[in-house]
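Biologist: Could you take me through the charged pairs in this model, slowly, as if I were new to all this? I'd also like to hear about the cysteines.

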Amino acid sequence: MSAAEYIEIEQVLGQSRALTDVAEAHGTLAGALCAAADYSLGDWLRELYADGQTDAQASERLGELFVATRGALLDAGMEFAPLLPGDERPIADRATALGQWCQGFLYGLGTSTIPDVDSLPATASEIVRDLSAITQVGVDADEGDETNEVAYTELVEFVRVGAQLLFDELERYRVPAPPMEKGGAGALH
């Protein structure tokens with residue numbers, strides 16, 4: 001995901017009067033895709049818009065982002081990246097967006113049937129707790145710009161890898177339930 005794509009999606013969401021910003025919207029998408037096998041574009045649009053509806057242009061562009069995000073998470077090459085503002089934005093804005101992305105991600109996880117964080121595998125529950133802490137990220141005014149930039153870069157990489165690892169760890173929760181056989185579960189054949 002690129003800085004240019006962030007700006008484009010920011011414009012799409014703003015013009016179409018979405019309920020959330022880019023970072024949180026993408027975090028919600030990624031979290032839900034990690035947790036639910038049948039999460040659809042329509043499900044995501046219902047999270048972004050009061051009535052779940054938007055214009056055709058916004059729907060098409062968001063559909064492209066949906067497909068790209070799902071594809072990146074499924075890719076064994078770990079190409080997934082959170083959609084965040086580029087380096088041209090002030091570090092404080094980027095840190096805020098990272099916190100919002102994590103907040104959206106946790107919300108997306110929470111909309112699924114995943115059990116309580118304590119019942120997840122140890123690696124998964126630790127990542128979820130760390131992402132929860134990152135929602136409070138900020139810039140340390142006592143540190144220099146370079147130190148804050150390095151810390152931000154490390155957090156973004158942690159979030160990127162953490163989301164991918166959670167996607168992999170939560171695979172068993174994304175398996176859809178087998179369809180019921182005709183006649184119900186107890187039917188004789």
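Modeller: Sure, let's start with E10 and R89, which form a salt bridge whose closest N and O atoms are 2.7 Å apart. (A salt bridge is a side-chain nitrogen of Lys or Arg within 4 Å of a carboxyl oxygen of Asp or Glu.) E10 sits in helix α1, while R89 is in the loop between α4 and α5 (91–110), so this pair ties together parts that are 79 residues apart in sequence. (Helices, H or I with at least four residues, are DSSP runs numbered from the N terminus.) E10 has 30% relative accessibility, so it counts as partly exposed, and R89, at 23%, counts as partly exposed too. (Buried means under 20% relative accessible area, exposed over 50%, and partly exposed in between, with a 1.4 Å probe and protein chains only.)

A quick word on the ground rules: this is a predicted model, where local features need pLDDT of at least 70, side-chain atom pairs count only at pLDDT 80 or more, and totals for chains, interfaces and linings use all residues. Residues are numbered from 1 along each chain as its sequence is written, and side-chain values use heavy atoms, with hydrogens and water left out.

Why would such pairs turn up at all? Side chains of opposite charge can pair when their charged atoms come close.

There are eight salt bridges in the structure. One of them joins R61 to E5, with 2.9 Å between the closest N and O atoms. R61 belongs to helix α4 (residues 56–74) and E5 to helix α1 (residues 3–15), so here the parts tied together are 56 residues apart in sequence. Both R61 and E5 are buried. They also belong to a network of salt bridges that links E5, E8, R61 and E64.

Now hop over to R94, which makes a salt bridge with E149; their closest N and O atoms are 2.5 Å apart. R94 is in helix α5 and E149 in helix α7 (residues 145–169), so the pair connects parts that are 55 residues apart in sequence. R94 is buried, at 1% relative accessibility, whereas E149 is partly exposed, at 28%.

And the cysteines? With a disulfide taken as a pair of cysteine sulfur atoms within 2.5 Å, the count is zero. Take C34: the closest cysteine sulfur, in C102, is 12 Å from its own, which is too far for a bond. C34 is buried, with 0% relative accessibility, and C102 is buried as well, also with a relative accessible area of 0%.

Key. Helices (H or I, at least four residues) and strands (E, at least two) are DSSP runs, numbered from the N terminus.
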